[in-house]
Amino acid sequence: MVRDYDFKTIEAKWQKIWSENKMLVADTASNKEKFYCLMMFPYPSGTLHVGHGKNYIIGDAVARYKTVRGFNVLNPMGWDAFGLPAENAAIKGGLDPKTHTLNNIASMKLQFFRWGCLYDWGREVNTCLPDYYKWTQWMFLQMHKRKLAYKKLGPVNWCNTCQTSLANEQVVDGACERCNSPVVQKELSQWYLKITEFADRLLEDLDLLEDTWPEKVLTMQENWIGRSEGVELFFDLEDSEDVITCFTTRVDTIYGVTFVVLAPEHPLLEKLLQDNPEKEDIMEFVRKTKEKSFMERTSPETEKEGMWLNKNVLNPLTGECIPLMVANYALMEYGTGAVMGVPAHDQRDFLFAQKYELDIKVVIAPPNKELDPAAMTRAFEEDGIQCNSGNFSGLPNRFAMKKIADYVIQHKFGRAAVHYRLRDWLISRQRYWGAPIPVIYCEKCGTVPVPEKDLPVLLPDNVKFKPTGRSPLLDVPEFLNTSCPKCHGPAKRETDTMDTFVDSSWYFLRYLSPKDASKPFDSAIVNKWMPVDQYIGGVEHAILHLLYSRFFTKFLYDQALVEFEEPFAKLFTQGVITKDGIKMSKSKGNVVSPEPLIDQYGADTLRLYTLFIGPPEKDAEWVEKSVIGGFRFLNKLWEITNNFADKVNGLSGGIKNAKELPEEFQNIFRKTHQTIKKCTHDMEGAFHFNTAISHVMELANDLSRLKADEITDENCLRAVKFSLESAAVLMFPFAPHITEELWQVLGHDKSIFHTTWPVYDEDAAKEDEIELAVQINGKVRGKIVIPAEAAEDKIKELALANEDVKKHIEGKEIKNVIYVAGRLVNVVITSNEDVTQ
């Protein structure tokens, strides 16, 4: 009598064994080949739902697989504990952020435990604890020493809901990426990190990741960095020594410039308005424009608006006097904050010129066709032939582009330039829950960095942290008031805290020496284990976290602290799990809690369904009634193994001459080697867990047809034992609790962690015979079974001799017979009509 599959007892048993025996704890001194497997660490802002689970279950499956493949696996976990998600959740829950965060961490660790996700908890890091953020502050000071951290006054992205400034990367479609509220512009003095110094390297080194990172992520980073080669043109201000510099990638249109517009944030604007009688009206326009979001100002649907500044500039090539204006669609974020208006060849400029009755001058036309500006209904933005372009008229515009650029540079009308979309990283936040910026302000000494010996600058506990738009640390005198490290006079601390993405830009290094109190990480250990061999996380971090981590790593490389320039050798981005067609979210009310499912079906079933639901890189819809399918399969595997356990446990040695096995057992032996081969292929690289699981399911189906009580031959039983043991190990990454128990049922004393991944034999995996479809003009008309090693001529002969095929080709002229190896034979006959049924 087979005992029931008591998943609750089994899972509790093995979770206890793994924990007590410290399974999946890396030995940093070992000479075994290392494998650093890393999941993006979570925000502990709440409990985890099944959508979150996908990331961690994938990572756990990879770590287990690599362990039984013989690697020394490092699989740590920690907490991205600072930042707005945790603070906003704490406000909603009525607790202070520290208590709320630590409570959530305890709950999430229990969830990981119940999922069977194993981590090296001795390496746990928590970004909100002083032993971690001391070194985040240290990183800031190193950048400050090298003038890569600086403070400036300027327009910033501002979220009125979160009551804080945001980096450009944290604005998605004009809204705050945290709360989805509209983002506006606000003038503030803020701290920045000079990521633009690394723009070329960040762009060029994407080539190093071409074969190991998803193409989508590489494209997103390339577009965000946004390198543009062009020319900066000098437009002299009429009757002034001031010059307006415009960047363009289309210098071929210079002869068509009929106006120049400035961004409302342009630094020359205030000076230009000093004697302007319409100054108040223009400044009101500027104020209203600045309140609008980046997306609103650049949207094609937004009406192009502007005002003349009562100033003119001179076209450097034609000498023409053209109006200088301020416009809502000009931005300081791109180029120089000044745009040359070419209405005949840019649609934004065309709409603007039409509205304000500005000249439209055609300088590029289609071949053999003239364009009448008065008759144009939209800009001509295609390539063509230069016209009205001085000595360059008649040339194809792409050819003329270089000629005009050379002429401009030679005559000092401008200069060659490269511009980037990427802007320096704004790290100041006017919120409580973050690492304090280690800077002191002294009236006598100015801005003074906190000495390294005084780190960490501790975040105080007694703070009213509800968002008000100003830092709550301003209201904590014992934090705010300090003494200057230089003159020892009275001074004030910086009260802004750092963006949480600063914390997560180096955490993967801290895992390697998390208890080191003397330095952020041990370079020798880091250089041995880094870069991360496999990084796993969501594609939503393609720009923010991944770009910042690459920036930090390159900075540390320049300081000779690490010997590598890219932190993550391979990147896998999993798809999201949806419910009712929408990504799971508490705000949408469509999350599925894992606990009831684990209580009802077990963690292995939950893991199995999560990995089987579809290709892991794709989004997948959670269908709860389908979870039971995985549960049924685990019960089948349990029953098959237990049925044979007593008969196979005492057997020793391998299968003796598999070719002499009865056909039924030869097929099982072959199927097992085929399954090992397919599962191994699926686990390497693309992580096709769903197909790997389906291959084991097929093997289990074949095994389920065997009658244990009818098999007495030891060699046949050895074949069954080989199949059962292989199935257990192959399923171990996906359903580890039940497979550990089945491994024990099969007579093994030690954990599967101490065994090795099964190895397939190429000859044993080959089929003796294969079935091929036979098509006639692309339609299947029959099937043939052939020897696996049959020659192509013999295969074609057998296809034409098939009775079903012969009746369809009778009386027809055969034009060709095509063999697609291992798949089909296609017979091409004269008739284009459908063959006789």
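1. Glutamate 284 is partly exposed, with a relative accessible area of 32%. In this predicted model, its salt-bridge partner is arginine 287, and the closest N and O atoms of the pair are 2.5 Å apart. Arginine 287 is likewise partly exposed, at a relative accessible area of 38%. Both residues belong to helix α9 (residues 279–290); because they are three residues apart in that helix, about one helical turn separates them.

2. A second pair consists of arginine 227 and glutamate 229, which form a salt bridge with 2.5 Å between the closest N and O atoms. Arginine 227 has a relative accessibility of 35% and therefore counts as partly exposed. Glutamate 229, with a relative accessible area of 55%, is exposed; the cut-off for that class is over 50%.

3. The side chains of lysine 453 and aspartate 454 also meet in a salt bridge, at 3.2 Å from N to O. Lysine 453 is exposed, its relative accessible area being 70%. Aspartate 454, at 39% relative accessibility, counts as partly exposed.

4. The pairs described above should be read against the total for the model: a search of the whole structure finds 44 salt bridges. Some charged residues are joined in a network, namely Asp205, Arg550, Lys554 and Glu566, which are linked by salt bridges. As general background, side chains of opposite charge can pair when their charged atoms come close.

5. Strand β14 deserves separate comment. The strand covers residues 321–327 and is mostly covered, since six of its seven residues are buried. Burial here denotes a relative accessible area under 20%.

6. Which strand does β14 pair with in the parallel sense? The partner is strand β12 (residues 259–262), and three bridges connect the two. Within this part of the structure, valine 260 stands opposite leucine 324 of β14.

7. Strand β13 (residues 306–314) runs antiparallel to β14, and seven bridges join them. One of the residue pairings places leucine 314 opposite cysteine 321, its bridge partner in β14. The two strands, β13 and β14, form a hairpin with six residues between them. Glycine 319 lies in the turn of this hairpin and has a positive phi of about 75°.

8. In summary, β14 has a parallel partner in β12 and an antiparallel partner in β13, and six of the seven residues of β14 are buried. For the salt bridges, the residues discussed include the partly exposed arginine 287 and the exposed lysine 453.

Terms used: Residues are numbered from 1 along each chain as its sequence is written. This is a predicted model: local features need pLDDT of at least 70, side-chain atom pairs count only at pLDDT 80 or more; totals for chains, interfaces and linings use all residues. Side-chain values use heavy atoms; hydrogens and water are left out. A salt bridge is a side-chain nitrogen of Lys or Arg within 4 Å of a carboxyl oxygen of Asp or Glu. Buried means under 20% relative accessible area, exposed over 50%, partly exposed in between (1.4 Å probe, protein chains only). Helices (H or I, at least four residues) and strands (E, at least two) are DSSP runs, numbered from the N terminus. Two strands pair if DSSP finds at least two bridges between them.
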